[in-house]
Every structure is written in structure tokens, then in C-alpha cells.
Amino acid sequence: RVAITAGADFKCYTYTYNATSKAFAMSTAASACKRLEKTAIACNMPKSDATMTTYTLKTGCGNCTTKDTACESCAKDSCNKASGAIRVATLLAPILAVLINFL
């Protein structure tokens, strides 16, 4: 029988979809994630073009699944923090699409 040992906790940010802005909002603080002793750290986050159907993960902990096609993973504590550039690009994309349609 093999003993199961917990590894050190790590943290990841969670993302919630905002239906009004049609974008994901990052939590202000990272949440604790659990893992087994020899399991690698893994966090996930939505890509800039993610929707409610292409990014469905709720905790930010762990790798992306095959059904989450607009998801990206990283392997360090708290590594899934979105940059300001991603948030700005996500907010500006719909505005640019409207402007281009007027041209």
C-alpha cells in the first residue's frame, strides 16, 4: 500500500465571467490550491478571446481541460495573473469591431 502525502499548497487566481462586459474578471486575491507531494504546480486562466463556453474552469487551480479551448496553463505559484494589457485588449476588442464595421 502506497502512502499518499500532500504537497505544499500553492495559489492561483480565479476568473469570473461578467455577462455585461462579456469578459472575465480576475479575483483580487489568489486562492489556495491543494496538490499531492510529487504533483507539479498548475494554474489556469482564460485567453483574451475566451467565452463562457470556451473557458469553464472555476478555481484557477490545475491544468486546462480539452474542452476548455480558450484556456492557458502555467506552472508557478500565482502565475495566472492577467496583465493589464490582456484586460485592455479584451475590453477594446468589441469597440474596435464596431468601428471597423463603420469604415
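Is Tyr17 buried, partly exposed or exposed? Select Tyr17 to begin: this residue is partly exposed, with a relative accessible area of 22%. The cut-off for buried is under 20%, so Tyr17 falls outside that class. Keep in mind throughout that the model on screen is predicted.

**Stop 1: the aromatic rings**

Keep Tyr17 selected and add Phe24 and Tyr55; these three residues form one aromatic cluster. The cluster can be read pair by pair, and the count of aromatic pairs comes to two. In the pair of Tyr17 and Phe24, the ring centres are 5.0 Å apart and the planes stand at 65 degrees, so this pair is edge-to-face. Phe24 itself counts as buried, at 17% relative accessibility.

Now turn to the other side of the cluster. The ring centres of Phe24 and Tyr55 lie 5.2 Å apart with the planes at 90 degrees, so this pair is edge-to-face too. Where do Phe24 and Tyr55 lie in the chain? Phe24 belongs to strand E3 (residues 23–26) and Tyr55 to the loop between E5 and E6, so their pairing ties together parts that are 31 residues apart in sequence. Tyr55 is buried, with 2% relative accessibility.

**Stop 2: from Tyr55 to Asn44**

Leave Tyr55 on display and select Asn44. The two side chains make a polar contact of 2.5 Å. What else lies by the side chain of Asn44? Add Gly62: its backbone oxygen is 3.0 Å from a polar atom of the Asn44 side chain. Asn44 counts as buried, with a relative accessibility of 0%.

**Stop 3: strand E5 and its partner**

Asn44 sits in strand E5, which covers residues 43–46. Select the whole strand and look along it. In a regular strand the side chains alternate between the two faces of the sheet. Here Cys43 and Met45 point one way, while Asn44 and Pro46 point the other way. Are these four residues of E5 buried or exposed? All of them are buried.

Next, add strand E6, residues 71–74. E5 and E6 pair in the antiparallel sense, over four bridges. To see one facing position, pick Pro46, which stands opposite Cys71 of E6.

**Stop 4: the disulfides**

Cys43 and Cys71 lead on to the sulfur links. A disulfide is a covalent bond between the sulfur atoms of two cysteines. How many disulfides does the structure hold? There are four, and with the bonded cysteines numbered in sequence order the pairing reads 1-3, 2-4, 5-6, 7-8. Three of the links are worth a visit.

Select Cys12 and Cys43. They are joined by a disulfide with an S to S distance of 1.9 Å. The torsion about their S-S bond is about -75 degrees, so this disulfide is left-handed. The link connects distant parts of the chain, with Cys12 in strand E1 (residues 10–12) and Cys43 in strand E5, 31 residues apart. Both Cys12 and Cys43 are buried.

Move to Cys64 and Cys71, which form a disulfide with their sulfur atoms 2.0 Å apart. Here the torsion about the S-S bond is about -80 degrees, so this disulfide is left-handed. Its two ends fall into separate burial classes: Cys64 counts as partly exposed at 25% relative accessibility, whereas Cys71 is buried, with a relative accessible area of 8%.

Then take Cys74 and Cys79, joined by a disulfide with an S to S distance of 1.9 Å. Is the link of Cys74 and Cys79 left-handed or right-handed? With 85 degrees about the S-S bond, it is right-handed. Cys74 is partly exposed at 21% relative accessibility, and Cys79 is partly exposed at 25%.

**Stop 5: the salt bridge**

Side chains of opposite charge can pair when their charged atoms come close. A search of the whole structure turns up one salt bridge. Select Lys34 and Asp9 to display it: their closest N and O atoms are 2.9 Å apart. Lys34 lies in the loop between strand E4 (31–33) and E5, and Asp9 in the segment before E1, so the pair ties together parts that are 25 residues apart in sequence. Lys34 counts as exposed, at 65% relative accessibility, while Asp9 is partly exposed at 43%.

Note on methods:
Residues are numbered from 1 along each chain as its sequence is written. This is a predicted model: local features need pLDDT of at least 70, side-chain atom pairs count only at pLDDT 80 or more; totals for chains, interfaces and linings use all residues. Side-chain values use heavy atoms; hydrogens and water are left out. Helices (H or I, at least four residues) and strands (E, at least two) are DSSP runs, numbered from the N terminus. Buried means under 20% relative accessible area, exposed over 50%, partly exposed in between (1.4 Å probe, protein chains only). A polar contact is a pair of N or O atoms within 3.5 Å; within protein, one must be able to donate a hydrogen and the other to accept it, and residues adjacent in sequence count only if both atoms are side-chain atoms. Two strands pair if DSSP finds at least two bridges between them. Rings of Phe, Tyr and Trp (its six-membered ring) pair if their centres lie within 6.5 Å; planes under 30 degrees apart count as stacked, over 60 as edge-to-face and the rest as tilted. A disulfide is a pair of cysteine sulfur atoms within 2.5 Å. A salt bridge is a side-chain nitrogen of Lys or Arg within 4 Å of a carboxyl oxygen of Asp or Glu.
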